[in-house]
Amino acid sequence: EKMDLVRDLISLGRNAREEAKIKVRQPIQKVILDGRNADIIGDLTALILEELNVKEVVYEENLSDFMNFTVLPNYKVAGPIFGANIKAYAQALQELSVSEIMALQNGDRIDLSVAGNDYPISNDMVVIRIVAKEGFNAQMMNNQFIILDTELTPSLINEGIARELISKVQNLRKTKDFDVADRIVLYYDGDEEFKKALMEFQAFVKQETLATTLTERSG
């Protein structure tokens, strides 16, 4: 059950990356998960970090800092219940708190006063739409969600460039039938952005490619 949840969240995270047009090898700073999942999958956080190439997983109770919620009536279900009061029901939904919206999203019931009467509201009586705030991308499925921090700092961008280089060098090693333990000398050339990224992460590049030295060679 825990692994199914982690797999679902990783799938959502990959969808969020694709929608935000962030390459798989480009590291991101953090993803935000529902705080209620911390006790369930907290010991599997390292797997999420690795699979989504992210620096930090944050379990958050207050999601209003990252997402905007819109709650509308599900007219097919709610229409027969509220009848002439359906507009009052729609207005009452606009005044729900974030905690009430999340309770509905998670399959719980809430009590709502509409036109002077109290009604038990379930998630099949509403349509919940979630839009991530600027700098984030949110994906939701089966009452689970993930929020991707899409802001890329210069250092994160440089690390992404370094990881792309490492991937290409590893492919070259395989093509040239190098032994996995063979040391290499790595020659490079590129624009200033590439050189800056390589210098910042040269130790990481050398470690991952088994390069003893990095030598600039133009032409």
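This passage describes a four-stranded sheet, the helix that packs on it and the contact between two further helices in a predicted model. Residues are numbered from 1 along each chain as its sequence is written, and side-chain values use heavy atoms, with hydrogens and water left out. Because the model is predicted, local features need pLDDT of at least 70 and side-chain atom pairs count only at pLDDT 80 or more, whereas totals for chains, interfaces and linings use all residues.

The open sheet has four strands in the order 2-1-8-7 with mixed pairing, where two strands pair if DSSP finds at least two bridges between them, and where strands (E, at least two residues) and helices (H or I, at least four) are DSSP runs numbered from the N terminus. Its edges are strand 2 (54-60) and strand 7 (136-141), each of which pairs on one side only. Strand 7 runs antiparallel to strand 8 (residues 144-149) and is joined to it by six bridges; phenylalanine 136 has aspartate 149 in strand 8 as its bridge partner. Helix 1 (residues 2-19) packs on this sheet, touching strand 1 (28-34), strand 7 and strand 8, with contact meaning heavy atoms within 4.5 Å.

The axes of helix 7 (residues 154-175) and helix 8 (residues 192-200) come within 8 Å and cross at roughly 90°, the axes being lines fitted to C-alpha atoms, for helices over the stretch in contact, and the angles running from 0 to 180 degrees between N-to-C directions. Ser155, Ile157, Asn158, Ile161 and Leu165 in helix 7 meet residues of helix 8 that include Glu193, Phe194 and Leu198.
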